[in-house]
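Biologist: Please take me closely through one part of this model, beginning with the interior and then following a single element, with each term explained as you use it.

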Amino acid sequence: MVLQAPWQRSVKGAGPPHEESRHRAKAPRFPAFRARLKCSVLIFAVACALPCRAAVEFSRDIQPILSENCYHCHGPDAEQRKGDLRLDDEKAAKSGKIILAGKADESELIQRIFSHDPDEVMPTPKSNRKLTDTQKQLLKQWIAEGAKWGNHWAFEPVIRPKVPAGAKHPIDAFVRQKLAAAGLEPNPPATRETLVRRLSLDLTGLPPDPAEKAEPAALIEKLLASPHFGERWAWDWLDAARYADTNGYQGDPERTMWPWRDWVVSAINANMPYDQFTVWQLAGDLLPNATRDQKLATGFNRNHMINGEGGRIAEETRVENVMDRVETTGTVWLGLTMQCTKCHDHKFDPLTMRDYYALYDVFNQTSEDGKGRTGQAAPAMDLSTPAELERSKKANAAVNAIADEVDAFELKKFPRPAGKPLTESAAFELPGNLPAYIAKTIPRNRGVDPLLEAIGYFKDKDREYTKLLQRLLAAQREKVAASNAVTKVMIMDTLPKPRETFQLDKGTYDKPTTTKVSFTTPAVLPPLAQDAPRNRLGLARWLVSRENPLTARVTVNRFWQSIFGVGLVKTAEDFGVQGEVPPHRELLDWLAAEFMESGWDVKHLLRLIVTSETYQRSSQFVVRASARSGSADDGLKPELQTDPENRLLARGPRFRMPSWMLRDQALTLSGLLNPQLGGPSVKPYQPDGIWEEATFGKKTYQQDHGDALYRRTLYVFWRRIVGPTLLFDNSTRQVCAVKATRTNTPLHALVTLNDTTFVEAARVLAEKVLHTAGDDDARLKHAFQIVTHRAPKADELLILRRQLAALRPQAAEGAAKLLKVGEAKADPALKPAEHAAWTSLCLMLLNLDEVVSKE
């Protein structure tokens with residue numbers, strides 16, 4: 001069998017034929033790239049030896065300077081524009097003497113930026129912006145060369161660039177060209193052990209099996225086919241989709257959106273083409289004869305927060321939800337900061353307020369009314385089970401029964417004259433809100449808040465009454481929990497009669513202007529096809545059309561970001577003029593074109609990335625042989641000074657793993673991981689009192705037990721106002737997030753050294769190691785091999801011996817307490833002190849920098 005490189009194959013979507021297939025380009029076959037290495041190296045060497053001055057390019061060199069320093073006063077926003085001067089528009093900028101093409105010294109722009117007069121210099125001192133000497137010279141050179149204008153690079157059509165000579169793999173060819181231009185050499189390949197671990201973490205989010213023997217090429221296919229592949233890549237999508245298990249805000253009622261989460265995992269595992277993945281989530285309900293799954297997929301745009309607080313105006317909530325959809329769509333598919341145009345025209349990008357509300361109109365046509373007192377606001381899909389309905393029925397009956405007891409007791413406690421109405425009850429003499437709660441509301445209709453207030457008041461005054469109220473409170477809480485647990489997934493629908501849309505003054509829900517708008521796409525981007533429906537389906541198809549310059553670039557960039565730690569465009573959330581111009585722009589465009597022309601095949605894209613030498617390189621700094629004889633800093637000087645952040649990709653990816661992956665890794669290495677896919681969210685270990693404090697006592701965390709404790713973090717219950725306590729550096733899931741933060745502080749160790757999950761994992765791992773035959777060295781080697789996926793070096797083994805020797809005399813004192821951490825039962829046949837010593841050692845191993853990093 002001849003193994004073909006991924007870009008040489010004809011790629012087919014994994015899913016069945018579907019309605020969207022006719023809107024996608026067919027996947028072409030790409031011929032093998034044949035590099036004439038000797039010739040290309042010679043030509044490149046000669047070219048580099050010639051003295052030359054690179055021509056200035058507007059979108060790469062000039063627009064970022066103007067955007068950062070000038071557009072805030074002289075940009076797209078007419079209301080904020082000063083001096084009636086625009087520098088974001090070629091015609092306006094060249095209409096006077098500001099920019100005189102070919103005459104730099106006569107151009108007022110150059111005179112102003114080089115001026116030393118505080119009343120003349122631009123940017124003004126008040127702006128707190130200042131051009132560097134290099135930026136000034138670039139502007140001068142650009143005008144001298146003719147001031148050639150251009151569009152922002154990300155708004156240009158995606159055209160597949162020619163692959164440079166010099167490497168067999170297209171990614172490596174583009175990267176090598178950049179490295180050579182910078183005078184850098186690529187690192188050698190990573191070791192097999194390192195690469196296997198890297199591949200497993202990247203493609204499944206889990207560490208490899210210690211017994212994994214497959215070669216990288218075979219392992220890649222195995223990992224792509226793993227059911228855990230969908231779980232790993234669903235995490236990033238859930239952050240972008242602002243998925244959570246509650247509505248947020250003060251009441252934070254529970255919702256049951258987990259079937260949508262499971263659909264995402266299933267779709268990714270099935271390698272659903274990304275254009276279909278997009279259309280189903282934005283407009284699945286509008287497809288002809290829409291299926292259950294197509295409607296379910298539209299839950300994407302119902303994942304937002306819902307404000308159902310008392311006194312909240314429903315229309316205000318509804319408008320905020322529509323705005324959230326506009327801004328999420330802008331971020332996820334376009335990489336544009338649409339939120340900046342909600343109240344005024346964009347200050348930097350060619351986006352207007354009208355563009356915002358034209359997109360708003362397409363999401364303004366659902367029957368949602370903004371009322372959110374419960375977790376599942378209409379429209380919703382009923383996916384309830386008989387067991388859920390039975391639980392809800394029993395909970396209602398229990399409330400009614402206890403309420404009758406409370407009612408009978410209150411008639412005696414708060415007597416009223418015979419034949420007189422309840423309004424004359426003695427309860428009116430109580431303080432605060434209690435008269436309204438007790439005298440005007442029958443017990444079965446009292447919610448959590450009034451019951452908590454009544455219990456607080458009567459607990460020291462009437463114990464019998466307090467006990468009744470506490471029973472009613474518990475019954476009401478179960479009633480709410482049972483009702484919220486009835487599986488209903490919020491989805492999208494369309495009003496039978498279109499709702500008119502008007503621009504809102506400063507984005508205020510109750511201040512519509514007279515400017516009526518209807519759906520269309522932003523003017524700076526290609527228009528909708530004439531025959532496209534003017535609804536969400538038309539929008540979705542436009543987003544994944546071959547003509548759209550943003551969606552493929554933005555999507556490819558996020559996949560690259562997940563693997564390399566930083567995107568080809570560092571500002572993954574902003575592809576506008578304030579965003580970064582990618583150092584590997586040609587590579588990004590090649591990958592975007594390949595992604596679209598492969599049929600939007602995600603697994604093909606990832607296979608392409610991880611089979612490249614660029615990905616498979618060592619992540620270590622390498623001291624070159626030629627530098628060892630030089631000064632102390634010569635060896636690392638080229639990479640550290642030229643490319644400290646590895647943007648040119650001389651090294652493989654290395655960065656701290658996200659906290660969710662650290663937890664999943666600990667469970668896997670210890671053997672505790674429960675690999676079950678899907679189902680309702682679970683509640684693992686969590687410190688006491690977190691929910692109670694965040695909700696003023698209204699919510700109590702009920703921890704799960706047994707196998708549910710060891711599910712993947714993807715399935716952990718996410719309360720919107722206080723997320724899972726074991727996570728750090730993660731999105732809050734309150735708004736769309738496509739770029740995770742990454743910090744490195746001692747606070748992380750408070751979790752990874754002390755959280756129950758990690759301590760229990762270390763204890764169970766220690767038990768596994770102690771059951772290994774052999775002496776201390778054999779066990780130390782085995783533990784190290786499990787955790788790092790490599791054998792320890794001699795000096796590392798020596799450190800481990802010393803650490804174990806130091807731990808043994810300390811372990812006896814706290815052994816009993818340590819071995820009780822977590823619900824997994826400790827083996828009574830093991831000596832407690834020895835088990836505790838090895839537990840501490842394994843906990844140390846789980847916290848090694850090498851182990852908490854993907855390298």
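**A helix in the interior**

Modeller: Of the 165 residues that make up the largest nonpolar core (a set of buried Ala, Val, Leu, Ile, Met, Phe, Trp, Tyr and Cys residues joined through side-chain atoms within 4.5 Å), Trp260, Trp263 and Leu591 touch the most other members. Buried here means under 20% relative accessible area, with exposed over 50% and partly exposed in between, using a 1.4 Å probe and protein chains only. This is a predicted model, in which local features need pLDDT of at least 70 and side-chain atom pairs count only at pLDDT 80 or more, while totals for chains, interfaces and linings use all residues. Residues are numbered from 1 along each chain as its sequence is written, and side-chain values use heavy atoms, with hydrogens and water left out.

Once its neighbours within four places in sequence are set aside, Trp260 is in contact (heavy atoms within 4.5 Å) with Trp237, Leu238, Ala241, Tyr243, Gln281, Leu296, Ala297, Gly299, Phe300, Asn303 and Val489. Another core, of 24 residues, lies apart from the largest one and includes Ile62, Ile110, Leu131 and Ala147.

Helix 11, which runs over residues 258-269, has 12 residues and reaches 17 Å from its first C-alpha to its last, close to the 16 Å expected at 1.5 Å a residue, where the expected span is 1.5 Å times one less than the number of residues. Helices (H or I, at least four residues) and strands (E, at least two) are DSSP runs numbered from the N terminus. Because 11 of the 12 residues of helix 11 are buried, this helix is largely enclosed by the rest of the structure. Those buried residues are Trp258, Pro259, Trp260, Arg261, Asp262, Trp263, Val264, Val265, Ala267, Ile268 and Asn269, a list that holds Arg261, Asp262 and Asn269 alongside the tryptophans. Their cover includes helix 10 (227-240), helix 12 (274-283), helix 13 (292-297) and helix 23 (602-610), together with strand 2 (488-490). Just after helix 11, Asn271 takes a positive phi of about 55°.

As for enclosed space, there are 4 cavities of 30 Å³ or more, a cavity being a set of points on a 1 Å grid over the protein atoms alone where a 1.4 Å probe fits but cannot get out. The largest cavity holds about 80 Å³, the volume being the space filled by probe spheres set on points joined across faces, edges and corners. Its lining (residues with an atom within 4 Å of a point) comprises 13 residues, of which Gln686, Tyr701, Val716, Phe717 and Pro724 lie nearest the centre.

Methods: 1 Å grid on protein atoms, 1.4 Å probe; cavity = no way out; pocket = protein on both sides within 12 Å on 5 of 7 lines; lining within 4 Å.
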